[in-house]
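User: I should like to go through this model term by term, asking in each case what justifies the wording. Please show it to me first.

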Amino acid sequence: MYNLHTHSLLSDGDLLPSEIAVRYAALGYKAIAITDHVDYSNFEFVIKSILQFTKHWPKKSPIKVFPGVEFTHLPLDQFKPLVQLARKKGIKIIVAHGETSAEPVIKGTNIAALKAGIDILAHPGLITKDEVMFARSKNIFLEITTRKGHSNTNQHVAKLALELGAKLILNHDSHQPQDIISIEETKEVGRRLGLSNTQISSIYKDVEGFLKKVLDNK
């Protein structure tokens, strides 16, 4: 199983990337991404650190660690250039901090991020049908999150994504040790939204296919 939204002490998390990886491996996860918060202020430092860490993570480890970032609270015109620069630097998983209802986010962030070529739109709040359809057209994942606050709109996101055929992803948005939950607990979050075991399996299969493409495009 996979979790592609984690934060280390390189941004606002509590743990080193290595401890995040070890904790997820102990729970049976096969792959994670380190996706610390980034804007122009810390772009170079965080990306260099994450790339250095993933480069030296043991290839024989039971868990694969992908280098990622989460672009957070950006002015709308900064999404595209920063996404392009992150790809050029070698970042493999790009998350955007969507228009969560849990905190102020610039209106228009969802569509600006989607148009910039991200991989995952995190906790996208009361995302619109047009935005969901655009995400579907670009094969961008819409996040169902286990994180308190951000999870308040999970039902809305899941309903629209299933109705319109967009891809979903189950993520933790982990910052502290208690955010790192088991595979079964994660699935239960999906079940409480009305997702069947078959639908949850399909979500993980889509993520597996995405990660295979990422590895093939090294």
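Analyst: Contact, the term to settle before the others, means heavy atoms within 4.5 Å. The model is a predicted one, with local features needing pLDDT of at least 70 and side-chain atom pairs pLDDT 80 or more, whereas totals for chains, interfaces and linings use all residues. Numbering starts from 1 along each chain as its sequence is written, and side-chain values rest on heavy atoms, without hydrogens and water.

User: What covers the buried residues of helix 6?

Analyst: The cover includes helix 5 (129-137), strand 6 (141-145), strand 7 and helix 7. Helices (H or I, at least four residues) and strands (E, at least two) are DSSP runs numbered from the N terminus. Helix 6 itself spans residues 154-164, and its buried residues are N154, V157, A158, L160, A161 and L164. After helix 6 comes G165, with a positive phi near 85 degrees.

User: Why is I94 called buried?

Analyst: Buried means under 20% relative accessible area, exposed over 50%, and partly exposed in between, with a 1.4 Å probe and protein chains only. I94 has 0% relative accessibility, and is therefore classed as buried. This residue belongs to strand 4 (residues 93-97). Beyond residues up to four places away in sequence, I94 touches V69, F71, V83, A86, R87, I118, D119 and I120. By contrast with these contacts, A26 lies 25 Å from I94 in space, C-alpha to C-alpha, at 68 residues apart in sequence.

User: How do you know that T54 is buried, given that its relative accessibility is 14%?

Analyst: The value of 14% falls under the limit for burial, so T54 counts as buried. T54 is part of helix 2, and its contacts, apart from neighbours within four places in sequence, are V65, F66 and P67.

User: What makes H73 and D173 noteworthy in their backbone angles?

Analyst: H73 is not a glycine, yet its phi is positive, about 55 degrees. D173 likewise has a positive phi of about 55 degrees without being a glycine. H73 sits in the loop between strand 3 (64-71) and helix 3, while D173 is found in the loop between strand 7 (168-171) and helix 7 (183-192).

User: Are these two residues buried or partly exposed, and why?

Analyst: The relative accessible area of H73 is 37%, between the two limits, so H73 is partly exposed. That of D173 is 2%, which places D173 under the lower limit, and D173 is therefore buried.

User: Why is L74 called buried, although it lies in a loop?

Analyst: The label depends on accessibility: L74 stands at 0% and therefore counts as buried. Its loop runs between strand 3 and helix 3. Not counting residues up to four places away in sequence, L74 touches V38, D39, F79, L82 and I106. Its C-alpha atom is separated by 31 Å from that of K205, 131 residues apart along the chain.

User: What makes Q199 partly exposed, and which residues does it contact?

Analyst: Q199 has a relative accessible area of 31%, which falls between the limits, so it is partly exposed. Q199 lies in helix 8 and is in contact with L162 and G194, leaving aside its neighbours within four places in sequence. L162 is 37 residues from Q199 in sequence and 9.4 Å away, C-alpha to C-alpha. N197, also in helix 8, is at 48%, and so counts as partly exposed.

User: How do helix 2 and helix 3 pack, and which residues meet?

Analyst: Helix 2 (residues 43-56) and helix 3 (residues 79-89) pack at about 35 degrees, their axes 11 Å apart. Axes are lines fitted to C-alpha atoms, for helices over the stretch in contact, and angles between N-to-C directions run from 0 to 180 degrees. F43, E44, I47 and L51 of helix 2 meet L82, L85, A86 and K89 of helix 3. By class, this contact has six nonpolar, no polar and two charged residues. Nonpolar covers Ala, Val, Leu, Ile, Met, Phe, Trp, Tyr, Cys and Pro; charged covers Asp, Glu, Lys and Arg; the others, Gly among them, are polar.

User: Which element gives the most to the lining of the largest pocket?

Analyst: Helix 8 (residues 197-216) does, with six residues. The lining has six nonpolar, five polar and eight charged residues.
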